[in-house]
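Colleague: I'm new to this, so could you walk me through the model and tell me where its labels come from?

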Amino acid sequence: MPVTTLTLRQFIGGRTARLAFVLSLIPALFAAIYAVRPWDVTAGEFLIDLFRELIVPTLLPIVVLLPATAAFGDELEDGTLPYLLMKPVSRLRLVLGKYTAVLLVTVPALIVGLAVTTVIASRAPGAEDLGRYLLAMSGAAAAAAVLLGAVFLLVSLVIPRALLAGMIYIFAWESLLGRFLPGVRAISSRDYTLRVFDGLLGDDGALALNASLTMVAIAVGCLIVAVLRLRRIQVD
Amino acid sequence: MTETAMPVAAPPPASDLPGLAAGEEAVIALRGVSKWYGEVVAVSDLNFGIGSGVTALLGPNGAGKSTILNLISGLIAASSGVIDVLDRPVRGNTRIYRDIGLAGEQEHLYGSLTGREFVRLNAILQKTPDAERATERTIAVVDMGSAADRPLGGYSKGMRQRIKVAAALVHDPRILLLDEPLNGTDPVQRASLVALIRRLGDEGKTVVVSSHVLSEVERFERNVLVIVNGKLAAAGDFYAIRERMDERDHMVRIRCNHPRQFAAALVAEPVTTSIRFGGDGRLTAETNDVRRFSLLVPVIAQREGIRLFEVQPVDESLASVFSYLVGK
């Protein structure tokens with residue numbers, strides 16, 4: 001798919017892919033500290049805390065935000081979007097091509113980061129088998145990428161400074177308000193991601209499936225709106 | 001696409017649009033087209049048609065040329081009026097892009113791609129049969145073969161212009177829209193692009209070239225659309241436009257062996273309004289009746305025994321037409 005390939009080349013040629021991978025490795029630093037001087041929690045409990053308090057509310061959304069807002073946003077900003085718009089290619093294919101590229105960067109970045117973190121944490125003295133934690137975190141992170149990738153892709157077609165708006169959303173809504181206000185928590189990606197995580201970790205397949213389906217449904221809705229928006233977009 | 005946001009006065013039928021010769025079919029037709037951004041009017045009530053061959057879209061920076069090309073391309077919607085390309089709406093009609101190629105004014109290209117990859121990408125997205133061959137052919141046409149494997153990020157401005165033209169041409173479109181294509185090109189590249197544009201026009205394609213550099217436009221084609229302050233100031237044959245400006249004095253440059261004697265004889269004629277002397281025995285005369293003046297010059301020269309080396313109308317250039325229309 002040429003749009004996906006082009007977008008991946010842009011991500012890899014620029015800083016977007018590198019930043020996504022570097023950010024996804026930040027939890028590994030905390031895991032290294034834990035592995036060297038473990039405190040009074042098990043390795044599994046450490047990973048759960050790390051995932052709940054740092055990865056899901058802050059790092060994961062930023063890792064998705066960077067490529068998702070760059071996919072269309074960079075082309076809108078530098079004026080290259082007409083090269084895609086002035087082609088006999090449906091807007092649906094353009095949106096799906098960009099979205100696929102976002103997922104091809106973010107999901108591997110997140111899973112690699114989580115895998116490295118888990119491997120390092122498992123080096124702590126007395127650490128149990130952390131395989132199921134990695135599986136649950138990876139599944140939840142992939143579901144979050146599916147949701148947030150679509151949301152931020154749409155935002156970049158609607159708001160000129162989508163990266164800034166996304167950052168404000170992540171720090172204000174997901175990280176701060178979502179942590180303390182029950183109402184906000186219920187409509188944050190954080191809540192759905194943690195439901196998937198809890199479901200996978202606790203063998204509650206129904207919980208994970210329901211949350212995942214909700215996330216996919218919201219993502220599909222966002223992509224449909226993105227297609228409609230792209231049909232009406234005006235590029236000077 | 002019919003994009004009517006506000007009621008407009010009944011536009012003329014396509015066959016009567018300015019810019020078209022009698023009976024000429026409009027490939028591109030704008031009828032009552034305006035575009036505004038909030039309080040700012042970019043273009044206003046444009047009515048013109050563009051047929052086959054090369055048409056130069058001329059105007060100063062900020063006149064609205066790029067807005068017009070973007071409207072024709074369907075990249076922006078008209079605030080009012082009707083735009084048809086090949087008798088079809090363009091806005092929201094992705095299929096029509098098989099017939100349109102645009103080399104826009106944007107400087108930025110996909111820096112991580114090479115020139116060849118960029119042209120090939122356009123060929124693939126255009127669903128061009130045998131994209132590889134089309135890519136190589138078009139790169140050769142713009143003479144970019146030696147630089148085609150270099151990243152676009154390292155291209156000079158002239159190289160970017162040429163590769164943009166290649167990308168616009170790769171699917172062999174019927175309509176080619178070129179926004180200031182000669183910007184940043186050196187004289188050799190310029191001559192090559194001008195020859196290419198003229199050849200495409202001769203082949204029957206509709207080529208619309210915008211420029212604010214008047215001497216360049218004159219080299220493309222005589223058919224011009226002059227845009228001033230977002231409005232169509234003149235349309236049609238450049239020399240015909242100039243002919244119509246009879247209320248303005250014409251300038252004629254004369255080189256002869258006795259310029260002062262010749263000037264004295266000329267200034268005695270009522271059709272001569274002023275005389276200026278230049279170097280190398282040249283003088284520039286202004287006349288309010290260029291036809292009568294052109295008949296008088298050889299008669300006076302013979303009578304005075306003066307040898308004429310050059311008699312050249314100096315304000316037949318597009319620059320003169322343009323300055324006149326802008327100041328009108």
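Colleague: Which residues is Gly19(B) in contact with, leaving aside its neighbours within four places in sequence?

Modeller: Those are Glu24(B), Gly49(B), Asn223(B), Leu225(B), Ala235(B) and Gly236(B). They count as contacts because heavy atoms lie within 4.5 Å. This is a predicted model, where local features need pLDDT of at least 70 and side-chain atom pairs pLDDT 80 or more, while totals for chains, interfaces and linings use all residues. Side-chain values use heavy atoms, without hydrogens and water, residues are numbered from 1 along each chain as its sequence is written, and chains are lettered from A and ligands numbered from 1 in the order in which they are written.

Colleague: Where is Gly19(B) placed in its chain, and how far is Gly19(B) from Asp237(B) in space?

Modeller: You'll find Gly19(B) in the segment before strand E1 (28–37) of chain B. Asp237(B) is 218 residues away from Gly19(B) in sequence, but their C-alpha atoms are 8.2 Å apart.

Colleague: Why is Gly19(B) called buried?

Modeller: Its relative accessible area is 10%. Buried means under 20% (exposed is over 50%, partly exposed in between, with a 1.4 Å probe and protein chains only), so Gly19(B) gets the label.

Colleague: How many residues of chain B count as buried, as a percentage?

Modeller: Of its 328 residues, 54% do. In chain A, buried residues make up 52% of 236.

Colleague: What helices and strands do the two chains have?

Modeller: Chain B has 10 helices and 14 strands, while chain A has 11 helices and zero strands. These are DSSP runs numbered from the N terminus (H or I over at least four residues for a helix, E over at least two for a strand). Read chain A from the N terminus and you get α-α-α-α-α-α-α-α-α-α-α.

Colleague: Why is chain A called as compact as a globular protein of its length?

Modeller: Its radius of gyration is 18 Å, close to the 18 Å that the globule rule gives for 236 residues, so the comparison holds. The radius is taken over C-alpha atoms, and the rule is 2.2 Å times the number of residues to the power 0.38. Those C-alpha atoms fill a box of roughly 60 × 35 × 30 Å along the principal axes.

Colleague: What share of contacts joins residues at least 24 apart in sequence in chain A?

Modeller: It's 77%, counted among contacts between residues at least 6 apart. For chain B the figure is 68%.

Colleague: What makes a space a cavity and what makes it a pocket?

Modeller: Picture a 1 Å grid over the protein atoms alone: a cavity is a set of points where a 1.4 Å probe fits but cannot get out, and a pocket is an open set with protein on both sides within 12 Å along at least five of seven lines. Lining residues have an atom within 4 Å of a point.

Colleague: How many cavities of 30 Å³ or more does that rule give?

Modeller: Two. The largest cavity holds about 130 Å³ (points are joined across faces, edges and corners, and the volume is the space filled by probe spheres set on them). It is lined by 15 residues, and Tyr83(A), Met86(A), Lys87(A), Leu102(B) and Asn122(B) are the closest to its centre. The second largest cavity has about 60 Å³ of space, and its lining includes Leu23(A), Ile55(A) and Leu110(A).

Colleague: How many charged residues line the second largest cavity?

Modeller: None, since the lining has eight nonpolar and three polar residues. Charged means Asp, Glu, Lys and Arg; nonpolar means Ala, Val, Leu, Ile, Met, Phe, Trp, Tyr, Cys and Pro; the others, Gly among them, are polar.

Colleague: And what about the largest pocket: how much space lies in it?

Modeller: About 950 Å³. Of its 35 lining residues, Thr69(A), Ala70(A), Gly73(A), Asp74(A) and Glu77(A) are the closest to the centre. H4(A) gives the most to that lining, nine residues. By class, the lining has 15 nonpolar, 13 polar and seven charged residues.

Colleague: Which residues are closest to the centre of the second largest pocket?

Modeller: That pocket has about 220 Å³ of space. Of its 15 lining residues, the closest to the centre are Arg91(A), Leu230(A), Arg231(A), Gly92(B) and Thr94(B). Helix H6 (91–121) and H11 of chain A are the elements that give two or more residues to this lining.
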